[in-house]
Each structure stands twice: as C-alpha cells, then as structure tokens.
Amino acid sequence: MQIHNASYQTSALELEKCPDPEFPEFAFIGRSNVGKSSLINSLVNQRKALADVSKTPGRTQMINFFRINNAWHLVDLPGYGFAKVSGKKQDKFNEFVSDYLANRSNLACVFALIDSRHTPQKIDLEFTKWMMETEVPFVLVFTKADKMKPGAVKRNVDAFHKEMLEWCDAPPRTYISASPNGQGRKEILEFIGQAIDA
Ligand code: GDP
C-alpha cells in the first residue's frame with residue numbers, strides 16, 4: 001500500500017469523544033520510548049512528522065487519530081507503564097485505553113510494540129495476555145532491530161513467543177522493525193492494505 005495522504009484528525013480522552021466509526025482503525029501501542037512515534041512517522045513517510053502531534057503538551061495521554069488515504073485511521077494510543085503517572089491516574093488511564101481497545105467497533109487491529117533489545121518484560125506480557133483474553137485483534141512489532149544483531153533479536157522474539165504459549169495456542173503474527181532503515185515498513189503496510197480490502 002502506498003500512502004498518498006495523511007493528516008491529523010482529532011484527539012480523544014474517552015470512547016464517546018472518538019470520531020464516528022466510519023473508517024477501519026489500526027492502533028499503535030507500547031511502553032513509552034518503545035519507538036512508536038518513529039515507527040508511525042516511518043510508516044506514513046510524510047515530510048512533516050505526523051506522530052509529533054501526539055507529543056505536544058496535553059496530547060501525550062490522549063488517543064490521537066490520523067486519517068490515511070481517506071480510507072483508514074491510524075490511531076496513536078498513549079504509551080503504557082510509565083512510572084511517572086501516579087497510581088490513581090494510571091488506573092484512569094488504563095480504564096480509558098482498555099475501554100477503547102475492548103469496545104471500539106471499527107478497531108481492525110492493534111500493533112503491540114515491543115523493544116527487541118529486551119528479554120520478555122512482565123508489563124508487555126501482561127498487556128498482550130489481556131488483549132488475547134479480551135479478544136482484541138493484535139499483532140506484535142519488535143522495534144529497534146537495527147540496534148541488535150539479528151540473532152539476538154530472534155532470541156528475544158522467540159523467548160516472548162514461548163512465554164505467550166503458556167496461555168495461548170499460537171503466537172500472533174509478528175513483525176520486526178527498524179525505523180532508521182525502514183525495516184518492516186513494507187510488510188506492515190501490506191498487512192494493513194490487505195486487512196482493508198478483505
Ligand atoms: P515513543 O516514545 O515510543 O514514541 O518513542 P520514539 O519514537 O520517540 O523513540 C524513542 C527513542 O528511540 C528516540 O531517541 C528514537 O530516535 C529512538 N528510536 C525509535 N525507533 C528506533 C529504531 O527503530 N532504531 C533506532 N536505532 N532508534 C530508534
């Protein structure tokens with residue numbers, strides 16, 4: 001799939017404030033600093049960095065919607081698991097993101113981003129387990145692969161899959177990405193294109 005145009009639409013803090021569900025949505029989520037903005041910017045490949053909108057004050061903890069090719073929405077979800085958010089605020093935050101993930105009628109797929117440099121992290125495993133139990137459609141994207149030798153990335157991916165097999169029959173579709181060299185970009189866009197056409 002080629003990206004012809006991409007533009008910021010709106011931001012929301014609750015499900016009721018999300019745009020009308022007229023377009024299929026592909027949402028991106030991960031721990032803060034996982035490389036989400038870099039991946040989004042690399043995917044849409046626009047002159048103006050799209051995902052920077054999500055980093056402007058007030059929007060970092062909102063759900064940010066971008067319209068792509070007038071055909072689908074790219075949804076930038078807030079990063080999870082940052083210690084800076086106090087317990088109470090974290091609960092509220094989780095409530096709102098989980099409400100979107102569990103109840104958004106036009107959510108086509110979630111891209112769960114995982115830093116390929118690390119062995120399986122509890123917070124990522126818990127989150128993917130919750131998505132599986134809640135029947136949220138998702139795939140995995142292991143980011144920052146250019147920072148590691150391919151063998152080391154594979155070991156971490158395999159280890160993550162092995163942990164997942166404790167509670168599911170088969171691990172989900174998995175992509176490896178590196179934003180600086182565009183690794184994974186074509187495959188991810190192809191997957192979205194096929195899902196839209198299906
Ligand atoms: P976010 O907080 O998840 O949106 O993460 P960012 O996209 O802002 O990335 C966090 C840091 O990691 C930045 O310094 C990026 O330049 C760097 N980074 C993100 N993705 C990659 C990648 O694929 N490869 C490398 N080498 N660095 C990356």
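Okay, a bit of vocabulary before we start: a crossover counts as right-handed if, with the strands pointing away from the viewer, the path from the first strand over the helix to the second runs clockwise. Keep that in mind, because by that definition strand 6, helix 4 and strand 7 make a right-handed β-α-β unit. And a caveat up front: this is a predicted model.

So let's stay with strand 6. Strand 5, helix 3 and strand 6 also make a right-handed β-α-β unit. Helix 3 there is residues 122-133, and helix 4 is 150-164. The strand pairing goes like this. Strand 5, residues 107-115, pairs with strand 6 in the parallel sense over six bridges. If you want a landmark, V110 has F138 in strand 6 as its bridge partner. Then strand 6 pairs with strand 7, residues 174-176, again in the parallel sense, over three bridges. The landmark for that pairing is L140, whose bridge partner in strand 7 is T174.

Is strand 6 covered or not covered? Mostly covered: five of its six residues are buried.

Right after strand 6, have a look at K144. K144 sits in the loop between strand 6 (138-143) and helix 4. Its phi is positive, about 60°, and K144 is not a glycine. For context, most residues other than glycine have a negative phi. K144 is also buried, because it has 23 other C-beta atoms within 10 Å and the cut-off for buried is 20 or more.

Now over to the antiparallel part. Strand 1, residues 6-12, and strand 3 run antiparallel and are joined by six bridges. A6 pairs with I68 of strand 3 there, as bridge partners. Strand 3 also pairs with strand 4 in the antiparallel sense, over five bridges, and F65 has V75 in strand 4 as its bridge partner. How enclosed is strand 3 by the rest of the structure? Largely enclosed, since five of its six residues are buried.

Strands 3 and 4 form a hairpin with three residues between them, and that brings us to N69. N69 lies in the loop between strand 3 (63-68) and strand 4 (72-76). N69 is another residue with a positive phi, about 50° here, without being a glycine. Buried, exposed or partly exposed? N69 is partly exposed, because 15 other C-beta atoms lie within 10 Å, which falls between the 12 or fewer of exposed and the 20 or more of buried. Leaving aside residues up to four places away in sequence, N69 touches I3, H4 and N5. To place N69 relative to strand 7, take I176: the two are 107 residues apart in sequence and 24 Å apart in space, C-alpha to C-alpha.

Next, the core. In soluble globular proteins, nonpolar side chains tend to be buried together. Here, the largest nonpolar core has 43 residues, and the ones with the most contacts inside it are A27, F28, A112 and L113. Strand 5 gives the largest share of this core, six residues. Let me pick out L113. Not counting residues up to four places away in sequence, L113 touches F28, I29, G30, V34, G35, K36, L39, V141 and T143. Two of those, K36 and L39, are among the buried residues of helix 1.

Which takes us to helix 1 itself, residues 36-44. Seven of its nine residues are buried, so helix 1 is largely enclosed by the rest of the structure. The buried ones are K36, S37, L39, I40, S42, L43 and V44. Just after the helix, N45 takes a positive phi of about 50°.

Last stop, the ligand. How many residues surround it? There are 16, and the closest are G35, K36, S37, S38 and S179. Helix 1 supplies the largest share of that shell, three residues. By class, the shell has nine polar, four charged and three nonpolar residues. So if you're looking at the model now, a good place to begin is K36: K36 is one of the closest residues to the ligand, is buried in helix 1, and is touched by L113. That's it from me.

Methods:
Residues numbered from 1 in each chain as written. Predicted model: local features only at pLDDT ≥ 70, side-chain atom pairs only at ≥ 80, totals over all residues. Near = placed C-beta within 6 Å. Helix = DSSP H or I, 4+ residues; strand = E, 2+ residues; numbered from the N terminus. Nonpolar A, V, L, I, M, F, W, Y, C, P; charged D, E, K, R; others polar. Contact = placed C-beta atoms within 7 Å. Pairing = 2+ DSSP bridges. Core = buried A, V, L, I, M, F, W, Y, C linked by C-beta atoms within 7 Å.
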